[in-house]
Amino acid sequence: MNTTHPPQPHSPAIQVQDAVKTFRTRSETVRAVQGVSLEVPRGGVVALLGPNGAGKTTLLDMVLGMSEPTSGAVSVCGERPRAAVAHGKVGAVQQVGGLLADLSVRETVTMIASLYPDHLPVDEALERAGAASFARRKVAKCSGGQQQRVRFALALLPRPELLVLDEPTAGMDVQSRTEFWDAMRAETERGLTVVFATHYLQEAEDVAERIVLMDAGRVTFDGSVDELRSTSRHHTVSFVWPAGEPLPEFAGATVSRRSESRVHLRTEDADALARELLTRTPASALEISRGGLDEAFAALVRHDDAAA
Ligand SMILES: Nc1ncnc2c1ncn2[C@@H]1O[C@H](COP(=O)(O)OP(=O)(O)OP(=O)(O)O)[C@@H](O)[C@H]1O
């Protein structure tokens, strides 16, 4: 925010007011962020979800003070983003860069720690980021997931109040991803606020209490996972179907999943389907759920190719 007011201790972690960011290239003007307003209170995990080119990175760059909005205002922990970064209130875990291949993990963290007058002890940063077990390894020899944990340790050094992560688990396998988020959750339990950008609906659902969905530079949804799901017009009706019994077609319904014991049908009219199943078929143990997070997501973005 363009203000010289002193930081407010209880100000939101992030406040974005009508932010616009325009890039002018030789051939065109790109409106990457088109009037976003957003408030992130302290604590918790917020996922910034959206397909390629939605404007997530552009928005996070403004939050990190790496670029200025063309118009509108951004403040972080009550300060202008650059001041908040300079005061160690914000840490960032970017997907690439920032590491020297020839140093060991410990040397890397020790070197960056020396830049801060006051910082978390190096061993504690390594431990909390889940990087202690490979601290002696050269950065070049670390896997992509391990390098992310090194970046995480670096981000923890100034004891930040807010962590901003841009696609932090891209390219990680399932186990690395789980370990990364377990370590991150321990930090949020200490009061840290985490905001992360992702393409993965599943990841947003697994780790975030709040989802901010961006598309074409605008926020198209802001709420909980359950609220996102409830924007879908579809329901899933699941039931036990006798083994060996052929499954007939049901008007207006499609099979979304079938396991050994249960069939899951997707429909816009759950009542009619449930009535038919219970009165005219051997289906039993019926369950109806509001459904399709994927569908809700796809309906809120122009392209559904990112609904992973
Ligand atoms: N420096 C730049 N110059 C010109 N256009 C840019 C610049 N940075 C971003 N853009 C454009 O702004 C739009 C938003 O890009 P941005 O990287 O913020 O999206 P994103 O949601 O982070 O996408 P991804 O998930 O692919 O990283 C895109 O059309 C992109 O091409």
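Which residue of strand 7 does Leu163 stand opposite? In this predicted model, the residue facing Leu163 is Val194 in strand 7. That pair is a good place to start, and we can work outwards from there.

**The whole protein**

The protein has 10 helices and 13 strands. Its C-alpha trace spans about 75 × 45 × 40 Å along the principal axes. Of the 308 residues, 48% are buried. If you look at contacts with a separation of 6 or more, 68% of them come from residues 24 or more positions apart.

**The six-stranded sheet**

Strands 6 and 7 belong to an open sheet of six strands, arranged in the order 5-6-7-3-8-9 with mixed pairing. At the edges stand strand 5 and strand 9 (218-223), each with a single partner strand, so one side of each has no neighbour in the sheet. On average, and ignoring direction, neighbouring strands are turned by 15 degrees against each other.

Here are four of the pairings in this sheet, listed with their bridges:

| Strands | Sense | Bridges |
|---|---|---|
| Strand 5 and strand 6 | parallel | four bridges |
| Strand 6 and strand 7 | parallel | five bridges |
| Strand 3 and strand 7 | parallel | six bridges |
| Strand 3 and strand 8 | parallel | four bridges |

Individual bridge partners help to locate these pairings in the viewer. Gly91 has Leu163 of strand 6 as its bridge partner, and Leu163 in turn stands opposite Val194 in strand 7. Val164 stands opposite Val195, also in strand 7. Further along the sheet, Leu49 is partnered by Thr198 of strand 7, while Ala47 is partnered by Ile211 of strand 8.

**Helices on the sheet**

Helix 1 (residues 56-63) packs on this sheet and touches strand 3, strand 6, strand 7 (193-198) and strand 8. The direction of helix 1 makes about 150 degrees with that of strand 6. Helix 5 packs on the sheet too, touching strand 5 and strand 6, and its direction makes about 170 degrees with that of strand 5.

**Strands 6 and 7 in their surroundings**

How many residues of strand 6 are buried? Five of the five are, so strand 6 is largely enclosed by the rest of the structure. Both of its faces are covered, with Leu162, Val164 and Asp166 buried on one side and Leu163 and Leu165 buried on the other. Note that Asp166 is among these buried residues.

Strand 7 is mostly covered as well, with six of its six residues buried. Thr193, Val195 and Ala197 are buried on one side of strand 7, and Val194, Phe196 and Thr198 are buried on the other. Together with helix 6, these two strands make a right-handed β-α-β unit, running through strand 6, helix 6 and strand 7.

**Helix 5, an enclosed helix**

Helix 5 (residues 144-156) has 13 residues, which at 1.5 Å a residue should span 18 Å; the end C-alpha atoms are 19 Å apart, which agrees. Of those 13 residues, 12 are buried, so helix 5 is largely enclosed by the rest of the structure. The buried residues include Gln146, Gln147, Gln148, Arg149 and Arg151, along with Val150, Phe152, Leu154 and Leu156. They pack against strand 5 (90-93), helix 3 (105-113), helix 4 (122-128), strand 6 (162-166) and helix 6 (174-189).

**Helix 9, a helix with two sides**

Which residues of helix 9 (residues 270-280) are buried? They are Ala270, Leu273, Ala274 and Leu277. Seen down the axis of helix 9, these buried residues fall within an arc of 100 degrees, so they line one face of the helix. The spacing is easy to follow, because an α-helix has 3.6 residues a turn and residues three or four places apart point the same way.

On the other side of helix 9, Asp271, Arg275, Thr279 and Arg280 are exposed. The buried residues of helix 9 pack against strand 10 (235-240), strand 11 (253-258), strand 12 (262-267) and strand 13 (284-290).

Conventions: Residues are numbered from 1 along each chain as its sequence is written. This is a predicted model: local features need pLDDT of at least 70, side-chain atom pairs count only at pLDDT 80 or more; totals for chains, interfaces and linings use all residues. Side-chain values use heavy atoms; hydrogens and water are left out. The expected span of a helix is 1.5 Å times one less than its number of residues. Buried means under 20% relative accessible area, exposed over 50%, partly exposed in between (1.4 Å probe, protein chains only). Contact means heavy atoms within 4.5 Å. Two strands pair if DSSP finds at least two bridges between them. Axes are lines fitted to C-alpha atoms, for helices over the stretch in contact, and angles run from 0 to 180 degrees between N-to-C directions. A crossover is right-handed if, with the strands pointing away from the viewer, the path from the first strand over the helix to the second runs clockwise. The arc is that of the directions from the helix axis to the C-beta atoms.
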